[in-house]
Amino acid sequence: MINAPLTSLFPTLQQSLNGYPLCYLDTAATSQKPESVLQAMDHYYRSNNANVHRGAHQLSARATTAYEAVRHKIANFINAPRAEEIIYTSGTTHSLNLLAQGLSGMLANNDVILVDSAAHHANIVPWQELAKRTGAKVMPIGLTPQGRLDYTELTHLLVNHPVKLVAISHVSNVLGTVNDIAVLAALVHQHNALLAVDGAQAIAHLSVDVQALGCDFYAFSGHKMYGPTGVGVLWGHYAYLDKLQPLMTGGEMIETVSFSGSTYGALPNRLEAGTPPIAEVIGLGAAIDFIMALPATAKLQEQEVFNYLQQQLQSVPQITLYAAHPDNTGAVAFNLKGEHHQDVGILLDQQGIAIRCGHHCAQPLMNSLNITGCCRASVGIYTRRQDIDTFITALKGVIDLLS
Ligand SMILES: Cc1ncc(COP(=O)(O)O)c(C=O)c1O
């Protein structure tokens, strides 16, 4: 169990920018990495570096054991029934592309794919490409005036169209709104469609139990959960994953190869062609160990800090907040009335405060909010109330400067 103050465990957070202590409110873009993750990757490269699954030597055996142990760790972490259902990818974008490519043979002309209209582009564009390949149609599921996924519209779409797949985010990367996946899975399954969930923004904030959620596929990235970049996961039911057409072919994924044709191996290797991101997988394993060792109160405290952030922003009259609900998590979207979001971001950055500004890879959401972009502040396990106070004080200074 970790007892140290959490912020002290993250080397990047121990620095000043322009003479101001770094106030990192951009965890939704990528989380900072604890020392233990850095050490695990360093140890792999210094002591065990070898390719996995193929060497007849001890280093390769050690690397393979460490690498495959993480697969079991991840399965345990998300309560997947089988470790072979954990497919390593380079991140959520890769996971969703792998899934969309894999489903190519299973969709037909005029089938419908429903997509959350608050989705990240990574959960929109691969479905559009799948639609181009198969003749299927992508249709958006609208939002309520409160900025939540419109479950009534989803029901209507499911009743009136030949829907094969529904793709939604667990947590919106812009608004921080949370979708009730268990309820949605039951609804989608009543209509014989599959549910794919983009868990990129949920995995670090919520407890993810894929069996309890009842979805068919779940995608996430290591770098948003205190792990390294370059690694992620696609989870799916074994029977469905087993039918996916591989996105990439080559070494590691085959059973036999000859010039008269090749056959493919079993899961998970069948969907993991080429040398995998071994050090990154090991880093992700260390990130899971880190999360599992957090005190029981850590996530509650993170949610309290997040609610404090929302409340503090709400108390500033010059701020417009988008879909800020108490049950949101991780991220809050806002604009300073009459000001460009980029100006706000730049002025905050001059005081060592990191937020994100822009369309956040969610242009359809920006269109439905009738804005070109916004600011987003997001928190992690290391964010403290004092960071929020620093941010709000600086934001008020920006308001004074611009008025
Ligand atoms: C909701 C959501 N989906 C997908 C992605 C893409 O993740 P990655 O860039 O790690 O592939 C992100 C990244 O911000 C995200 O927030």
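# Questions about a ligand shell, cysteines and loops

Author: Around the ligand sit Gly91, Thr92, Thr93, His120, Ala122, Asn173, Asp198, Ala200, Gln201, Ser221, His223 and Lys224. The model is a predicted one, where local features need pLDDT of at least 70 and side-chain atom pairs count only at pLDDT 80 or more, while totals for chains, interfaces and linings use all residues. Residues are numbered from 1 along each chain as its sequence is written, and side-chain values use heavy atoms, with hydrogens and water left out.

Reader: What makes a residue one of those around the ligand?

Author: A residue is near a molecule or strand if one of its heavy atoms lies within 4 Å of it. Ala122 and Ser221 are among the residues around the ligand.

Reader: How do you know that Thr93 has a polar contact with the ligand?

Author: A polar contact is a pair of N or O atoms within 3.5 Å; within protein, one must be able to donate a hydrogen and the other to accept it, and residues adjacent in sequence count only if both atoms are side-chain atoms. A side-chain N or O atom of Thr93 is 2.6 Å from an oxygen atom of the ligand, so the pair fits the definition. Asp198 offers a side-chain N or O atom 2.5 Å from a ligand nitrogen, and for Gln201 the distance to a ligand oxygen is 2.7 Å. On its own the ligand has 390 Å² of accessible area, and the protein covers 86% of that (Shrake-Rupley method, 1.4 Å probe; for residues, only the protein chains shown count as cover).

Reader: How many residues of the shell are nonpolar, polar and charged?

Author: Two are nonpolar, eight polar and two charged. Here Ala, Val, Leu, Ile, Met, Phe, Trp, Tyr, Cys and Pro count as nonpolar, Asp, Glu, Lys and Arg as charged, and the others, Gly among them, as polar.

Reader: Why is Cys23 in no disulfide?

Author: A disulfide is a pair of cysteine sulfur atoms within 2.5 Å. The closest cysteine sulfur to that of Cys23 is in Cys357, 14 Å away, so it is too far for a bond. Cys374 is in no disulfide either, with the sulfur of Cys375 nearest at 6.9 Å. The structure holds zero disulfides.

Reader: Why is Cys374 called buried?

Author: Buried means under 20% relative accessible area, exposed over 50%, and partly exposed in between (1.4 Å probe, protein chains only). Cys374 has 0%, so it counts as buried. Cys23, at 2%, counts as buried too.

Reader: Is Leu206 buried, partly exposed or exposed, and what makes it so?

Author: Leu206 has a relative accessible area of 22%, so it is partly exposed. You can find Leu206 in the loop between strand E8 (194-198) and helix H7 (210-213). Helices (H or I, at least four residues) and strands (E, at least two) are DSSP runs, numbered from the N terminus.

Reader: How do you know that strands E11 and E12 pair?

Author: Two strands pair if DSSP finds at least two bridges between them. E11 (residues 254-258) and E12 (residues 261-264) have four bridges, in the antiparallel sense. One bridge joins Val257 to Ser262, and two residues lie between the strands of this hairpin.

Reader: Which of the words buried and exposed fits Asn192?

Author: Asn192 has 69%, so it is exposed. Although not a glycine, Asn192 has a positive phi of about 60°. His360 also has a positive phi of about 60° without being a glycine, but His360, at 1%, is buried.
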